[in-house]
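Work through the exercises below with the coordinates open. Each task is followed by a solution in steps.

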Amino acid sequence: MLFRYLLCLGLLLLTPLLPAQTPAAPVVDVTPVGPPDKKDTLRALLTTRDGVRKALDEQRKRLQSETSDSAKREAQQQIDVLEKRRQEVERDFAVLVTGLQAPEVRHEKVGNAPAPALQDEIGQLLTPIFSDLRKVTQKPRAIQEFEDELSLLNDQAEQAKRAIAEIDKLLAEIKAAKSTDTTLRTALNDTRKSWQGRMDEGKSRMAAIQHQLAEIKTTGVDFWTDLGSQVKRFVFIRGTNILLALLVFLIVFFGLRTAYSYALKVLPVRKYQRLSFTLRILDVAHEGGSLLLGLAAALLVLYARGDWLLGGLSLLAFGGLLMTAKTGIARHLEQLQFLLNLGPVREGERVILQGVPWRVGTIHMFTQLTNPVIGAGLRLPLEALATMTSRPSKLDETWFPCDNHSWILLNGTTLAQVTDITPDRVEICYQGGLRRWIPIAAFIAADVACLSGGFSRTTTFSIHHSHQPRATTEIPEQLQADIRASLLKVMREEELRMLMVELQESSSFSLSYLITADFAGSQAPQYLLLSRLLQRAAVDSSNTHGWSVPAQA
């Protein structure tokens, strides 16, 4: 508004600089300062309408009298322009009188209408969305359109003013020269009359626009009030529709799943770990059907509530999901094979993950992998499971190198106890209390020997070769009895599973005996001590019976 007023002020200051005009045809300043009187505007519109009708009658008579085709086409073009101008003047008159915009005339087609195209159907779905946006911005857009048209009419009026001034200047020069060229003067007068008519029509149109602008600005609600009402309407109407649709979707979706689960509990179809192919197809159909029925129920709620905006948005979102699913149809078919237990991984079989064997549970979008030795299991998505291959396992097949709280021997020399096993790492405790975490993949790859199932210890013992006559009978038996008696002092009898003393080597200096003892797993903490116990028991027996030890060579 401020820019328009500054423009009008500048035009007023430039008016004395324009070419001089004759007193007979003064130029009227059409710069709008404010809306004129409504009655004067109506009278001007009626005058303009009469002038246009008169010009229209003249052109129609001309069309009938002309004989050449070019002249008829020119007359018809003039008739079309004048007819359009007459309709605009009559519309402005009706709007100014009633204060209402003329409704659009809708022509109904007769007969069977052809089937709408897909683009038209999408347009109908989007219509409620854009109609709400138009309602919010209706008043600002109307004001902007009227202001743009008013600015254009001002430019046209200035152009008409300059044209009339030039024509008046030429008429003044012809009059001063006292020329008798009536043809030129008549043509100039006709041209001036045409431009004057355009300027009068512009004045009438500008007056009508000013009245409509004043009426729009003084009536109705402003943008923020309209926006607040739209937000309130969304919260109390569309918010209710969203809650109802969501509630119905949840009821249908979870109701169908609950009913299906209850039916499977009643019917003895899941008593086996490996389900039948028919039941798997039923599971997949139920999961997809419950989702589709839930969405259909939500859309029916929006349809029953008459909320086409949310219904259209929901259909567009659903169509987008379908288009997205179309691009990944191959991957979904592969997942469907897994859900039907037809893929390379089967339920109840054995898969290897980071070197650790796992038993495959029921295959769903997330599959539970379990290991009898490891306390916690793994939950694996279907995409990761699709990269594996399972195999059937034996009934007594081992699932881990050792159990929890077992004693192990690392790399054949280091004794430790396993204190915790998880899917990520193995915690071991060395003698003395030192604890260490080992990643489960590194633990599987290491040289691990489990002592919990039992183990054996061996040692050698030598005596002088002078006892060779008894080397194979009396001495081994006595040595075995003495060592057994010594070991039973520190352990239970069932923990000493086997003890054997055998002649290993005979030379000219000594007789070497190999002492072998098998122990139960409960003696695993004494693994490193048992070799020394065997050696000490052999020495005590030799001292008791006088078996001299050979001198070192």
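**Exercise 1. Determine the strand order of the open sheet of 3 strands and the sense of its pairing.**

Solution. In this predicted model, the order is β10-β12-β11, and the pairing is antiparallel. Next, find the edges: β10 (455-464) and β11 (496-506) each pair on one side only. Then take the twist: neighbouring strands of this sheet are turned against each other by 20° on average, direction ignored.

**Exercise 2. Describe how β11 pairs with β12.**

Solution. Strand β12 covers residues 510-519, and 9 bridges join β12 to β11 in the antiparallel sense. To check the register, start from Leu-496: its bridge partner in β12 is Phe-519.

**Exercise 3. State which strands helices α13 and α14 lie across, and give an angle for each helix.**

Solution. Begin with α13 (residues 474-487), which lies across β10, β11 and β12 and runs at about 145° to β11. Continue with α14 (residues 527-545): this helix lies across β10, β11 and β12 and runs at about 30° to β10.

**Exercise 4. Analyse the hairpin formed by β1 and β2.**

Solution. Strand β1 spans residues 350-353 and strand β2 residues 356-360; 4 bridges pair them in the antiparallel sense. Within this pairing, Ile-352 stands opposite Pro-357 of β2. Now look at the turn: 2 residues lie between the strands, and Gln-354 in the turn has a positive phi of about 55°.

**Exercise 5. Classify the ring pair of Phe-400 and Phe-443, and explain which parts the pair ties together.**

Solution. The structure holds 5 aromatic pairs. A pair of aromatic rings is described by the distance of the centres and the angle of the planes. For Phe-400 and Phe-443, the centres are 6.0 Å apart and the planes are at 5°. Planes under 30 degrees apart count as stacked, so the pair of Phe-400 and Phe-443 is stacked. Next, place the residues: Phe-400 lies in the loop between α11 (382-385) and β5 (407-410), while Phe-443 lies in helix α12 (residues 440-445), so the pair ties together parts that are 43 residues apart in sequence. Finally, Phe-400 and Phe-443 are both buried.

**Exercise 6. Name the members of the aromatic cluster that includes Phe-253, and locate the charged ends of Arg-350 and Arg-457.**

Solution. The cluster consists of Phe-249, Phe-253 and Phe-254. For Arg-350, the charged end sits over the ring of Trp-399, at 4.5 Å from the ring centre. For Arg-457, the charged end sits over the ring of Tyr-527, at 4.1 Å from the ring centre.

Note on methods: Residues are numbered from 1 along each chain as its sequence is written. This is a predicted model: local features need pLDDT of at least 70, side-chain atom pairs count only at pLDDT 80 or more; totals for chains, interfaces and linings use all residues. Side-chain values use heavy atoms; hydrogens and water are left out. Two strands pair if DSSP finds at least two bridges between them. Axes are lines fitted to C-alpha atoms, for helices over the stretch in contact, and angles run from 0 to 180 degrees between N-to-C directions. Contact means heavy atoms within 4.5 Å. Rings of Phe, Tyr and Trp (its six-membered ring) pair if their centres lie within 6.5 Å; planes under 30 degrees apart count as stacked, over 60 as edge-to-face and the rest as tilted. Buried means under 20% relative accessible area, exposed over 50%, partly exposed in between (1.4 Å probe, protein chains only). A charge sits over a ring if NZ of Lys or CZ of Arg is within 6 Å of the ring centre and within 35 degrees of the ring normal.
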